[in-house]
Amino acid sequence: MFKGGVDMAGKQQVTKSSELSICDSYFENIQSRKKLPFSLQETLTAAFAEIPASSFPPVPGGKVIEILADSSVADAVSILSECNIMAAPVKKVDAGDSLDWRDRYLGIIDYSAIVLWVLESAELAAVALSATSAAAAGIGTGAVGALGAVALGLTGPVAVAGLTAAAVGAAVVGGVAAEKGAGKDASTAADNLGQDFYKVLLQEEPFKSTTVGSIIKSYRWSPFLPVTTNSSMLSILLLLSKYRLRNLPVIEPGKPHIQNFITQSAVVQGLEGCKGRDWFDCIAAQPISNVGLPFMSADEVVSVQSGELILEAFKKMKDNKIGGLPVVEGPNKKIIGNLSIRDIRHLLLKPELFSNFRQHTVMDFMNTIVSTTKGTGSVIPPITCKPDATLGSLIHALSSRSGHRIHVVNQSEEVVGVITLRDVISCFVYEPPNHFDSYFSFSTKEMLDE
C-alpha cells in the first residue's frame, strides 16, 4: 500500500513507543465510549477497507499545490494564504527525473511549522542574550556562543536557527541584554525582546531569506507519509484519526507527482456529502455523548483569555501541539471567539498592522484583523454546540464553515469541551485486530513515531 512500506523480508517485532501508545490510548478510549451497534461498525469498517484512495474527490482545481524547497518562508506563507490551504508538500529543487517520492519531496510545510520557527527564533535569541552560560540557558554551547558573539558586536557570518546578526542586534537595542538575567524563562524573555527584533524578523531577515527546506525537518509536527492510490480508505481514516496525521499526500507508483492531498477537513466535508445514506444517517442522528464526545473535558481544554498577549496564545498552541484555542473571558471561561494557528499569517503578511504586537492582547489582535479585512465589522463568532447536539449537526457546522474544531458550551456559553476533526473521523471507524501490525512496515512505524 505504501511505497517502500511493506516489509517483504518479513515482519519485525517493534516495541511501541510512548507516541504510539498515546495514539492507542486515545483510540481505545473513544471506542469504549461509543454506544453504536458493533455490527454497524464492523460493516462500515469492511466497506471502508474496500474503497481505494483513488476514489476520493480531488483537491479544488484538480492540482495539488506544491512549494519548492528554496522558497522563502515569506513566499510559503503567501502561497498558503492565497490558496486558502493549511499545508502543502515541499518539493526538492533538484528532484530530477526520479519517480521515487523520497527523492522528490522533503515533507510538508504548514502554519504549525512556521509558528514553531518564529517563536523558537525569538526564544533562542532571548535565551542567548539573557543567559550567562549554556547550562543556564539550557541550549547548546555553540548556539549561545554564536548569538552571544553577535550580541557583543563580534564580526563574522553568524546565523543560528535562521537568525541573523541584524535580528539579534535589534534585540540588544531593545535592552534585553541589560534587563535579563541568567536562567530566565525563554518564553518570558521572548516577550520582552526589543520591538525592532520582531520588525527585523518579520519584515527583513530572516523571514524573507530563510528557506522552507531549511526549517521543514526541525519544525514539523508530523511525518511526511504518502499513501498510494490503491491504499484503502480504512487505512487513510485511521491515519487521520488514531494516528494524528492531519493530511496525507496520495501518490501513484511510477508517476512523479502527488496525485491528491487528503486532509482531515476534506474527509469531514466528504462525510457531509453522505447525507441520505442509511449508514451515515444512523450515526449522524446520534447525540454526541453516544459516540464518546466530547473526548476532552472542560478541565483539559486549553484556552486563552481575551486579555492575554497574542504571542502567549501562539506559544500555547506550540507547547500543546494544537491548531487552535477558544478565546474566553472570566474564571468560568465564557467563550467569545476562536483563534487558529493559521491566524499567524496576519502577522507575517501584514506586520505593519502590528507595529507593537508584543503588547497586543488577543482581543486587540482579533479586532485589528476584523477592521482590516472584509467582513461584518465584528469578531467572527466561534463554532459551538450544546452537549445534546447530534453528530450530524457538528459535521454540518464544521463542513459549512470550514472549521477544524467545535467547542461544546453550556447554557451560559461557558466552554465544557472541545471536539476536533480527528474526533469526528474516529466516530466512523475502528481498527480491526492486528491491522496496524499487518499493514504497516517497521519503517512506517518509525515514521509515525517521529
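Visitor: What makes C427 buried?

Guide: In this predicted model, C427 has a relative accessible area of 1%. Buried means under 20%, exposed over 50%, and partly exposed in between, with a 1.4 Å probe and protein chains only. So C427 counts as buried.

Visitor: Why is C83 called partly exposed?

Guide: Its relative accessible area is 34%. That value lies between 20% and 50%, so C83 is partly exposed.

Visitor: How many disulfides does the structure hold?

Guide: It holds 0 disulfides. A disulfide here is a pair of cysteine sulfur atoms within 2.5 Å.

Visitor: What makes β5 largely enclosed by the rest of the structure?

Guide: Strand β5 covers residues 247–251, and 5 of its 5 residues are buried, so the rest of the structure largely encloses it. N247, P249 and I251 point one way, while L248 and V250 point the other way. Helices (H or I, at least four residues) and strands (E, at least two) are DSSP runs, numbered from the N terminus.

Visitor: How do you know that β4 and β5 pair?

Guide: Two strands pair if DSSP finds at least two bridges between them. Strand β4 (residues 227–228) and β5 have 2 bridges, in the parallel sense. T228 stands opposite I251 in β5. From β4 the chain passes through helix α13 (residues 233–240) to β5, a right-handed β-α-β crossover. Right-handed means that, with the strands pointing away from the viewer, the path from the first strand over the helix to the second runs clockwise.

Visitor: Which strand runs antiparallel to β5?

Guide: Strand β6 (residues 258–263) does, joined to β5 by 5 bridges. The partner of P249 in β6 is F261.

Visitor: Why do β1 and β3 stand at the edges?

Guide: An open sheet has the order β1-β2-β3, with mixed pairing. β1 (67–68) and β3 (105–110) each have a single partner strand, so one side of each lacks a neighbour in the sheet.

Visitor: Which residues touch the most other members of the largest nonpolar core?

Guide: L391 and F428 do, in a core of 52 residues. A nonpolar core is a set of buried Ala, Val, Leu, Ile, Met, Phe, Trp, Tyr and Cys residues joined through side-chain atoms within 4.5 Å. The largest share, 7 residues, comes from α13.

Visitor: How are the values set up?

Guide: Local features need pLDDT of at least 70 and side-chain atom pairs 80 or more, while totals for chains, interfaces and linings use all residues. Residues are numbered from 1 along each chain as its sequence is written, and side-chain values use heavy atoms, leaving out hydrogens and water.
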